[in-house]
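User: Please give me a close look at a single part of this model, with its setting in the chain. Define terms as you go.

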Amino acid sequence: MRVTPGLIALAVAGSMAVSATQAHAQAMSPMRGEVKSFTDEFVVRVFPANPYPHRIRVEVKVYDETFAPVPARVAPGEVMLAPEDNRGVLVVVPFEGRTERKVRICTESIPFTNTPTRLRTQVCGRFIAYRLG
Amino acid sequence: MRTPFAILPIAIAALALAASPARAVDAIVPFTGLVTSTCVLTVGTPGVLAAGAGLDTLSSSAAGGIPGTVTALTTGSNFRISTIAPSNFSIAPPGGGDGVNFSASYRATGATSIGDTLGLNETRLGLGVSILTVNLAAQKSGGAFPGGAYAAEVVVRCE
């Protein structure tokens with residue numbers, strides 16, 4: 001069978017048509033913060049929010065200034081958000097020997113397996129923490 | 001010269017007015033509100049890639065392709081938007097993802113107005129609603145894309 005540009009466009013369009021049925025959105029607050037801690041870790045509570053009338057699944061991830069993953073503890077790491085609801089997520093970040101640490105805490109959309117999206121959204125807050133003492 | 005008796009009717013009239021219904025008393029009920037500074041991203045339509053005439057490019061800006069759209073709502077003026085191109089296809093036929101370079105770009109209208117911008121370049125978002133148009137292109141260095149279904153994900157980042 002001869003492959004034409006039109007055939008490939010059709011195949012690509014077909015694979016993406018299912019994703020047009022559901023929009024994914026999310027928000028997070030706060031998106032800026034300064035933390036002081038006396039211990040080897042600092043804690044930030046963020047609130048991923050779903051402002052839309054359908055449920056969405058999001059995950060919260062922690063990155064450093066260069067968007068390299070940070071070994072933080074996130075509880076819960078994945079949350080299903082009810083329509084127009086938000087939920088607190090606790091993020092515990094180690095200083096790893098530093099006296100100051102800047103991190104990005106990001107809420108990312110997770111496409112439902114039966115409705116894959118081709119645009120993933122990522123809302124990131126910037127936080128700076130100081131180790132005291 | 002007026003006598004005290006001349007003033008009396010005026011005084012009686014003033015007292016009569018004062019005896020009318022009690023004066024209203026205003027009270028203030030304070031309301032406070034707080035809108036946190038945040039960014040909301042909503043995917044409008046996902047994009048569609050179409051093959052170029054040489055079959056070695058797949059692009060949403062090619063004939064038959066459709067760019068993706070995202071709405072960004074901000075309640076603060078210190079947020080930036082960028083897009084991150086994928087490093088590979090999430091769905092591709094055998095050999096379809098070999099030797100492929102991806103590039104993403106975006107432009108914005110509404111609260112933010114900017115023309116075509118390379119994906120990793122950050123743009124400060126205006127306060128309010130911005131409509132982002134996101135394009136993706138995939139260039140295959142080793143010849144034509146084999147026939148089949150392709151899919152790739154672009155990350156739209158607000159921070």
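Analyst: **A strand of chain B and its partners**

Of the 159 residues in chain B, 34% are buried (20 or more other C-beta atoms within 10 Å of the residue's own, against 12 or fewer for exposed and in between for partly exposed, with C-beta atoms placed from the backbone). The model is predicted, so local features need a pLDDT of at least 70 and side-chain atom pairs a pLDDT of 80 or more, while totals for chains, interfaces and linings use all residues. Residues are numbered from 1 along each chain as its sequence is written, with chains lettered from A and ligands numbered from 1 in the order in which they are written.

Chain B holds one helix and ten strands (DSSP runs numbered from the N terminus: H or I of at least four residues for helices, E of at least two for strands). From the N terminus, its elements run α-β-β-β-β-β-β-β-β-β-β. Among chain B contacts between residues at least 6 apart in sequence, 65% join residues at least 24 apart; a contact requires C-beta atoms, placed from the backbone, to lie within 7 Å.

The part chosen here is strand E6 of chain B, residues 100-110. E6(B) pairs with strand E9 of chain B, residues 128-140, in the antiparallel sense over eleven bridges; pairing requires that DSSP finds at least two bridges between the strands. Within this pairing, Asn101(B) has Gln139(B) of E9(B) as its bridge partner.

E6(B) also pairs with strand E7 of chain B, residues 114-118, again antiparallel, over three bridges. Ala108(B) stands opposite Ile114(B) of E7(B). Three residues lie between E6(B) and E7(B), and the two strands form a hairpin.

How values were computed:
Contact = placed C-beta atoms within 7 Å.
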